[in-house]
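Colleague: Could you walk me through this model and tell me what stands behind the terms you use for it?
Modeller: Gladly, let's have a look together.

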Amino acid sequence: MPPSVSPWVVFTLLWLTPPVVTPISRQYETVPKSVISLEPSWTTFFQEETVTLTCYGFGFNLPQKTKWYWNSKIVEEIQGHTFKVRMSGVYQCQADNFHLSIPAHVRFSKDPLVLRGPPAVFEGDSVVLRCDAKKSTSQKSLTFYKNEVPLQSSGRSSELVIQHADQRANGQYHCTKEKFWSKISSNTVRVQVQELFPRPVLMVRPSELIDGSPVTLACQTQLPAQKSNVQLQFCFFRNLQALGSGCHSSSEFHIPAIWTEDAMWYQCTAEATDAQVSKRSLPIRITVQRAFADFQIHIVPASRLVFEGQLLLFNCSVKGVPGPITLSWYKRDKLNKETNITKSSEAELKISRVNSSDAGDYYCEANNSRRSFVSKAVTITVKVPVARPVLTLGVPGAQTVVGDMLELHCEALEASPPILYHFYYQNVTLGISSALSGGRGSFNFSVTAEHSGNFFCEADNGQGPQRSDTLALSVIDTTKNRRVPVAAGVAGGLLAVAGMAAGVLLYCWFSRRAGGKSASGDSRNPSYSESQEPTYYNVPACIELQPVYSNDPKGEVIYTEVRCALQRLATNTVSLRYLWLPLRTCQLCSYPDAVASWSLLLSTLR
C-alpha cells in the first residue's frame, strides 16, 4: 500500500489478494482485481461533504488509466487514478486491464446526526465509531448503543473505541443526542469483524517421501488487500515441539533429510504480532517410506560353489539409499577382516584361498550414518574332497555264523555332503548307501558261507572316490559241522564236556538207586512230573532251560533241568554251555534214557 494512504482508507472491495506464501497449491489464489479506497475512510457523510475515491491495480500499483462506474454504469474514463464524488451510490473502478473492483457503498445523509464507521473491521483492529452532528453539541448528551443496549460512557468523547476487535465486537451500533426534552438518533452502522487471515494450511512437498529425502514445509495463508502491509511470523512444530530456532518471517521450513522415525504429526502457526492474532494449522501426519536398497552382488565363481584353495571374490553395489554411504561385508553377523570399506557406491571382498571355514552366509551392508541396509544372504558352499573312509563291521556275536545279519559301516571323516558310499566284497559291489547330510553309510546283508573273504568300501562326493583299507571276514558254517576258515579244536572240547556230563548222569543215577531224594520234593519226582509222557531217545526239539527253585528250608541251592534234542546239540554247539549242574543233588531223566541220549550225542560229535 502506498505510504500516503491510510490503512483505514482501503475499503473491502478486494477481499482476497494473491497469497503471501509460496503457491504450493492454488487454494488461495484469486483473479487479480482492482482495489478501491475512500478518503476519508468512512462510509457515511453529510451532503455538503466530498469523498475522494482512489483506484489501484494488482499489488497496489498505480494504473495508467482508470474507468469509473456508478450503479453499474460507466461514468468516466480518465488517465489518472482518483475520482471525487458527492452522490450516494455504488461505485466501482477498473485499473488498466484488471477486473472490476468490488463495489463500494457511499451514503450522503441529510440527517442532523450521523454515526461514521470504517469500511472494514479485521481481527485485532482498533475500531473507531464517530458520532457527528451538523451543529456543535455537548458531548455529555451523546450516547452509544450496541444492539439497542446503551453502552457505558467512556468519557467526554464523540468516539467509541474498541481495542483488539474480535467476534465479540460484532453487532448493530448507533448513537443518540439529547436536545432539550427530545432525543435524536443516528444511522445504524453494522460492525462485522472479519478474519485477518484464514487458518493456515500446512503443505508438504514432495508429497511422497522416502528415507533420507529432503522435504519442505510451507505454512500457507494470506492477508486481505487492506492488510497486506501486516507482517506475519511463521513457526513449525513436530509433535508440538518447535522446529528450528523459533519463528521466522519465511512461510517455509526446509528439512535436509527426513527419516521414518520422523514420521510424526506436524503443525505450523501464523502470527501477526502487532494485532495479537495467532492461528495454528490442523495437524497432519507425514509418512516416510523406508528406503528400498537395491543391492547388486556379483560373485566369482558365479555358481557360489567353490573348492578348497580356490579364489572367491565378492562385489557389492547399491541403489536407492540416500546419502553418502559406506559399504561393508559381513559373514554371520561378524565383520570379515578382509572386507574393503569405502565411501563409494561399491565394495569388494576377496578371499584368496578358500577353506572349509569360509562356507556360510555373506551379507553386504550399506550404511548412510543414519541407518543400515542389509542385502539378502549370499550362501557360499565350500566343497571338501572326501578323506580315506574307514570300514567297520557290526557283528552280532563274537563269531560270524552262516545266517547272521551283518552290517557294514563306511565313514569318511572329512568330506562335504552329499556323500555316496559303495560296499564291495572281493571287488564285487554289494550295495550303495548315500549320506545327504554327511556322516556314515551302512549296508546290511545275510551272511552265507561264500562271504568269507575281503571287504572294502569307497566314498565319493563328486571330487573323486577314496577307498578304505581291506577287511577280512571268516564265516562259520555249522550246518556242515565245519568252520570256515577257522575254529580248530571245538570238537575236542565238546567231547570233553560230553564226558563230564555223562559222569554226572551216572552219579545222579547211582545216587537215586541208593535211596536219595530230590531237593525239590515229590513235585519233582520223575514218576509224578513225567508219568504222562512217553520216553523218547530222539527228542525232536530243544526245550529251553527252566529254573527250578528248591523247597529246602535252607533255600540255598537252585537246580536246573536240562532236556536237549540231539539235533539241536548237533547243529548248535553253543547249547553245550547249559550243561552246568550242581553236584549236591539233581533230578534228571531215567538212567536208560540218559545213557541212550549221551551215546547218540557222542556218536554225532565223532
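**Strands and disulfides**

Modeller: This is a predicted model. Strands S1, S3 and S6 make up an open sheet, in the order S1-S3-S6, with antiparallel pairing. Its edge strands are S1 (35–39) and S6 (82–85).

Colleague: What makes S1 and S6 the edge strands?
Modeller: Each of the two pairs on one side only. On average, neighbouring strands of this sheet are turned by 25° against each other, direction ignored.

Colleague: How do you know that S1 and S3 pair?
Modeller: Pairing takes at least two bridges between two strands. Five bridges join S1 to S3, so the pair meets that cut-off. One of the partnerships is that of Leu38 with Leu53 in S3.

Colleague: Good, now the cysteines. How many disulfides does the structure hold?
Modeller: There are six disulfides. One of them joins Cys55 to Cys93.

Colleague: Why is the contact of Cys55 and Cys93 called a disulfide?
Modeller: The cut-off is a sulfur pair within 2.5 Å. For Cys55 and Cys93 the S to S distance is 2.2 Å, so the pair qualifies. Cys55 sits in strand S3 (residues 51–56) and Cys93 in strand S7 (residues 89–95), so this disulfide links distant parts of the chain, 38 residues apart.

Colleague: And what makes the disulfide of Cys55 and Cys93 right-handed?
Modeller: The torsion about its S-S bond is about 80°, so the disulfide is right-handed. Both Cys55 and Cys93 are buried.

Colleague: How do you know that Cys131 and Cys175 form a disulfide?
Modeller: Their S to S distance is 2.0 Å, which is within 2.5 Å, so the pair counts as a disulfide. With a torsion of about 75° about the S-S bond, the disulfide of Cys131 and Cys175 is right-handed. Because Cys131 lies in strand S11 (residues 127–133) and Cys175 in strand S15 (residues 171–179), the pair ties together parts that are 44 residues apart in sequence. Cys131 and Cys175 are both buried.

Colleague: Which parts does the disulfide of Cys219 and Cys268 tie together?
Modeller: The sulfur atoms of Cys219 and Cys268 are 2.1 Å apart. Cys219 belongs to strand S21 (residues 213–220) and Cys268 to strand S25 (residues 265–272), so parts 49 residues apart in sequence are tied together. The torsion about this S-S bond is about 75°, so the disulfide of Cys219 and Cys268 is right-handed.

Colleague: Why is Cys219 called buried?
Modeller: Buried means under 20% relative accessible area. Cys219 has 0%, so it is buried. Cys268 also has a relative accessible area of 0%, so Cys268 is buried.

Technical notes. Residues numbered from 1 in each chain as written. Predicted model: local features only at pLDDT ≥ 70, side-chain atom pairs only at ≥ 80, totals over all residues. Heavy atoms only, no water. Helix = DSSP H or I, 4+ residues; strand = E, 2+ residues; numbered from the N terminus. Buried < 20%, exposed > 50% of the residue type's maximum accessible area, 1.4 Å probe, protein only. Axes fitted to C-alpha atoms, helices over the stretch in contact; angles between N-to-C directions.
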